[in-house]
Amino acid sequence: MHQLFRLVLGQKDLSRAGDLFSLDDSEIEDSLTEALEQIKIISSSSDYQTNNNDQAVVEICITRITTAIRETESIEKHAKALVGLWDSCLEHNLRPFGKDEDTPHAKIASDIMSCILQNYNRPPVMALAIPIAVKFLHRGNKELCRNMSNYLSLAAITKADLLADHTEVIVKSILQGNTMLLRVLPAVYEKQPQPINRHLTELLALMSQLEQPEQYHLLRLLHVAAKKKQLEVVQKCIPFLIGHLKDSTHNDIILNILIEIAGYEPVTLNGFLPMLKEIGERFPYLIGQMARIYGAVGHVDEERARSCLTYLVSQLANMEHSFHHILLLEIKGITDTFSSILGPQSRDIFRMSNSFTAIAKLLTRQLENAKAGSGRQEGQMSLTPTL
C-alpha cells in the first residue's frame, strides 16, 4: 500500500487525508484493494458510528479511491474489495437518523454504489455486485433504495439473467412501494416468470397508484407475459386490460396485448366483444386493432364467425375511419374459413367494386339472406348493386 494511504488509514490522520488528491491516479492504483480492505476494518469497529474523525477519513479515502478506479478504468481489478466493503455496510444500521440524515454506513454504501453500478455493462462486476445490491432494497433507506433501483434497471437492459435469480426479492420490493423497479420485470420475466406470475394479481392492483411511465412498464410486462401463452396468466390479464381500455393514454398498447392473446386463445375474448365494440365507437382510431381481434374470434366457429362478420361489415360501411383495407382482409379471412356463410359468390363480391360502401351493402344483404334461410342460401344476390 502506498505510504500515504498507510499513514492516513493506519493512524486515521485526517490532517493528511487531503494530500491523497495530490498523487497521480497511476501512482496509487496498485494500492486501492489493500486500502479498501483497511477501510472495511475501520468502518467495522465498534465506535465507528460515533467517531467523527474516522468517518471523515473514510469518506475522503473512499472518494479518492473511487475517483482513481474510474480514471484508471480498473474496476474489474478492485471490484472484489469494493463489493466486500459495500457488503459489510449491510451488517450495520442504514435507516436515516432523522429527516434525510444518513447513517455513516449508509454514506459509505451510497458513495460506493455509483462506482460499482455505473459499470452495469461489465458482466464480471455485475456478477459480484447484484447479489449484494438487491439486499439493500429492504434495509429501510428510501434514497438508497431509489438510487439502487435506477442502477438495477440499467443492469436489466444488459444482463437480465443476473437479476433473474433475485426476481422474488424485486417483486416484493415493488409491492412494498418501490414501483420504480417495475421497469425491470419485463426483462427478468423471460428468465423467471413464476415469481411474477404468483404475484400478478397484486401487481395489477397497483395500476391506479402508478405514475404514467410505471403504468407503461406494467403493461409491457403483460405484453411479454402474453407472448408466453400461459392460459392461467392470460385469464388474469384480460379483465384488467379491458377495464383500462377507456384510458386513451394506454389503449393502443392494451389492444396490442389483446391482439397477441387473440392469436392463440381467441375464445377467451369472445365475452368481451361488446365492450370492445363500445371502445371502438368511442375511439375510432382503434378500429383497425379491433378488427384484428374480431377477425381472430371469428375463426373459432361458424356461430362466432357470423356474429363477428356483422360487426366488421358494419365498420366497412363506416366512412369515419381509414381502416377499410384491414376490415376487408379480416372479413375475407373469416369467409374463406367458413365459405358456406357467403356461398360461391364470395370471391366475386370482393373483386367487383372499389367502393367499400358497395361491398358492405352486398355483404350485409348476403348475411341477412343466409340468416333468414337458416343456412340454406335463399334469394341469390345480384352482382350488380344499386350504388
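**Reading helices, loops and buried side chains**

Guide: Let us begin in the loop between α15 and α16, which is where K229 is placed. Please keep in mind throughout that this is a predicted model.

Visitor: What is the phi of K229, and how should I read it?

Guide: The general idea is that most residues other than glycine have a negative phi. Against that background, K229 has a positive phi of about 60 degrees although it is not a glycine. With a relative accessible area of 53%, K229 is exposed, because the cut-off for that word is over 50%.

Visitor: Where is K12 found, and what is its phi?

Guide: K12 belongs to the loop between α1 (3–10) and α2 (14–17), and its phi is near 50 degrees, again a positive value in a residue other than glycine. The relative accessible area of K12 is 32%, so this residue is described as partly exposed.

Visitor: Turning to the helix after K229's loop, how many residues does α16 have, and what does its span tell me?

Guide: The idea is to set the distance from end to end beside the span expected at 1.5 Å a residue. Helix α16 covers residues 231–243, which is 13 residues, and reaches 19 Å from its first C-alpha to its last, close to the 18 Å expected.

Visitor: Where does α16 bend, and by how much?

Guide: The bend is about 30 degrees and falls at C237, with a proline, P239, following within four residues.

Visitor: Which residues of α16 are buried, and what do they pack against?

Guide: Buried here is a matter of a cut-off, under 20% relative accessible area. In α16 that description applies to V233, V234, C237, I238, F240, L241 and I242, so C237, where the bend is placed, is also a buried residue. The buried residues of α16 pack against several helices, among them α12 (185–189), α13 (193–198), α14 (200–204) and α15 (212–227), and also α17 (251–262) and α18 (273–282).

Visitor: Since α17 is in that list, how many of its residues are buried?

Guide: Nine of the 12 residues of α17 are buried, so this helix is largely enclosed by the rest of the structure. The buried residues are N251, I253, I254, L255, I257, L258, I259, I261 and A262, and what covers them includes α15, α16, α18 and α19 (287–297). The span of α17, 16 Å from its first C-alpha to its last, is close to the 16 Å expected at 1.5 Å a residue.

Visitor: At what angle do α6 and α8 pack, and how far apart are their axes?

Guide: Helix α6 (residues 75–88) packs on helix α8 (residues 123–133) at an angle of about 5 degrees, with the two axes 9 Å apart. That makes α6 roughly parallel to α8, because angles under 35 degrees are given that description. The meeting residues from α6 are I75, E76, A79, K80, V83, W86 and D87, and those from α8 are P124, V125, L128, A129, I132 and A133.

Visitor: For a polar side chain within a helix, what does the side chain of S153 reach, and is S153 buried or exposed?

Guide: S153 lies in helix α9 (residues 142–158), and its side chain reaches the backbone oxygen of S149 at 2.8 Å. The relative accessible area of S153 is 7%, so this serine is buried. Leaving aside residues up to four places away in sequence, S153 touches M180, R183 and V184.

Visitor: What backbone oxygen does the side chain of T335 reach?

Guide: The side chain of T335, a residue of helix α21 (residues 324–337), reaches the backbone oxygen of K332 at 3.1 Å. T335 counts as buried at 2% relative accessibility, and its C-alpha is separated by 9.1 Å from that of H299, 36 residues apart from it along the chain.

Visitor: Which residues do S114 and Q55 touch?

Guide: Not counting residues up to four places away in sequence, S114 touches R70 and Y151, whereas Q55 touches Y48, Q49, T50 and P104. S114 is placed in helix α7 (residues 104–117) and counts as buried at 18% relative accessibility. Q55 is found in helix α5 (residues 52–72) and is buried, with a relative accessible area of 15%.

Key: Residues numbered from 1 in each chain as written. Predicted model: local features only at pLDDT ≥ 70, side-chain atom pairs only at ≥ 80, totals over all residues. Heavy atoms only, no water. Helix = DSSP H or I, 4+ residues; strand = E, 2+ residues; numbered from the N terminus. Buried < 20%, exposed > 50% of the residue type's maximum accessible area, 1.4 Å probe, protein only. Polar contact = N/O pair within 3.5 Å; in protein donor to acceptor, adjacent residues only side chain to side chain. Contact = heavy atoms within 4.5 Å. Expected span 1.5 Å × (residues − 1). Bend = angle between axes of the 7 residues up to and from the residue. Axes fitted to C-alpha atoms, helices over the stretch in contact; angles between N-to-C directions. Parallel < 35°, antiparallel > 145°, perpendicular 65-115°, else oblique.
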